[in-house]
Amino acid sequence: MLYARATVLPTGSVCLWLGANVMIEYPYAQAVEILELSLANAKARLRICDEDIDHLRDQIITVEVNMARVFNFDVKRRRELKAAASSSGATPPGGTPTAAATTA
């Protein structure tokens, strides 16, 4: 680390780094104006991003609820098929023969 002491004289201008290896010197008033505009734009973009994230959260919740409903429907359907197969003595689809079907 290197430390140094210096006295900087007020010159009435500042250099702003604009990115892409560009630095421009502005008078104080114009620099403040540019920085305030950049801050306002950044806050607007942040608000838009927050709204997008809220929308995505709602969509994720909707998908999770629908997945649970489909799963529960499948469980109910399998139980009904199994109950119907065991009452008639037939083999349920993809299953093993029931006790009633093996003794008959």
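The expected span of a helix is taken here as 1.5 Å times one less than its number of residues. Helices (H or I, at least four residues) and strands (E, at least two) are DSSP runs, numbered from the N terminus. By that yardstick helix H1, residues 28-88 with 61 residues in all, should span 90 Å, and its end C-alpha atoms do sit 90 Å apart, so expectation and model agree. Just past H1 comes Gly 89, with a positive phi of about 85°.

A word on the ground rules. The model is predicted, so local features need pLDDT of at least 70 and side-chain atom pairs count only at pLDDT 80 or more, while totals for chains, interfaces and linings use all residues. Residues are numbered from 1 along each chain as its sequence is written, and side-chain values use heavy atoms, with hydrogens and water left out.

Now the overall layout. The protein chain holds 2 helices and 2 strands, running β-β-α-α from the N terminus on. Burial is scored by relative accessible area: under 20% is buried, over 50% is exposed, and anything in between is partly exposed (1.4 Å probe, protein chains only). Of the 104 residues in the protein chain, 8% are buried. The chain exposes about 9400 Å², with carbon and sulfur atoms supplying 62% of that surface; these areas come from the Shrake-Rupley method with a 1.4 Å probe, and for residues only the protein chains shown count as cover. Contacts, meaning heavy atoms within 4.5 Å, tell a story about sequence separation: among those in the protein chain with a separation of 6 or more, residues 24 or more positions apart account for 0%.

Next up is the hairpin. Two strands pair if DSSP finds at least two bridges between them, and E1 and E2 pair in the antiparallel sense over 6 bridges. Going along the ladder, Val 14 stands opposite Tyr 26 in E2, and Gly 19 stands opposite Val 22 in E2. The hairpin has 2 residues between the strands. Ala 20 lies in that loop, between strand E1 (13-19) and strand E2 (22-27), and Asn 21 has its place in the loop between E1 and E2 as well.

The loop is also where the backbone does something out of the ordinary. Most residues other than glycine have a negative phi. Ala 20, though not a glycine, has a positive phi of about 55°, and Asn 21, not a glycine either, has a positive phi of about 60°. Ala 20 is exposed, at a relative accessible area of 76%. Asn 21 is exposed too, at 70%.

The other end of the hairpin looks quite unlike the loop in its contacts and cover. Ser 13 belongs to strand E1 and, at 19% relative accessibility, counts as buried. Leaving aside neighbours within four places in sequence, Ser 13 is in contact with Glu 25, Tyr 26, Pro 27 and Tyr 28. With Glu 25 there is also a polar contact, side chain to side chain, at 2.5 Å. A polar contact here is a pair of N or O atoms within 3.5 Å; within protein, one must be able to donate a hydrogen and the other to accept it, and residues adjacent in sequence count only if both atoms are side-chain atoms.

Gly 12 sits in the segment before E1 and is partly exposed, with a relative accessible area of 34%. Not counting residues up to four places away in sequence, Gly 12 touches Tyr 26, Pro 27 and Tyr 28. The C-alpha atoms of Gly 12 and Pro 27 are separated by 5.8 Å, although the two residues are 15 apart along the chain.

Val 32 brings helix H1 back into the picture, since its place is in that helix. Val 32 is partly exposed, at a relative accessible area of 44%. Measured in sequence terms it is 18 residues from Val 14, and the C-alpha to C-alpha distance between Val 32 and Val 14 is 9.8 Å.Finally, the cysteines. A disulfide is scored as a pair of cysteine sulfur atoms within 2.5 Å, and by this rule the count comes to 0. Cys 15 counts as partly exposed, at 47% relative accessibility, and Cys 49 is partly exposed at 42%.
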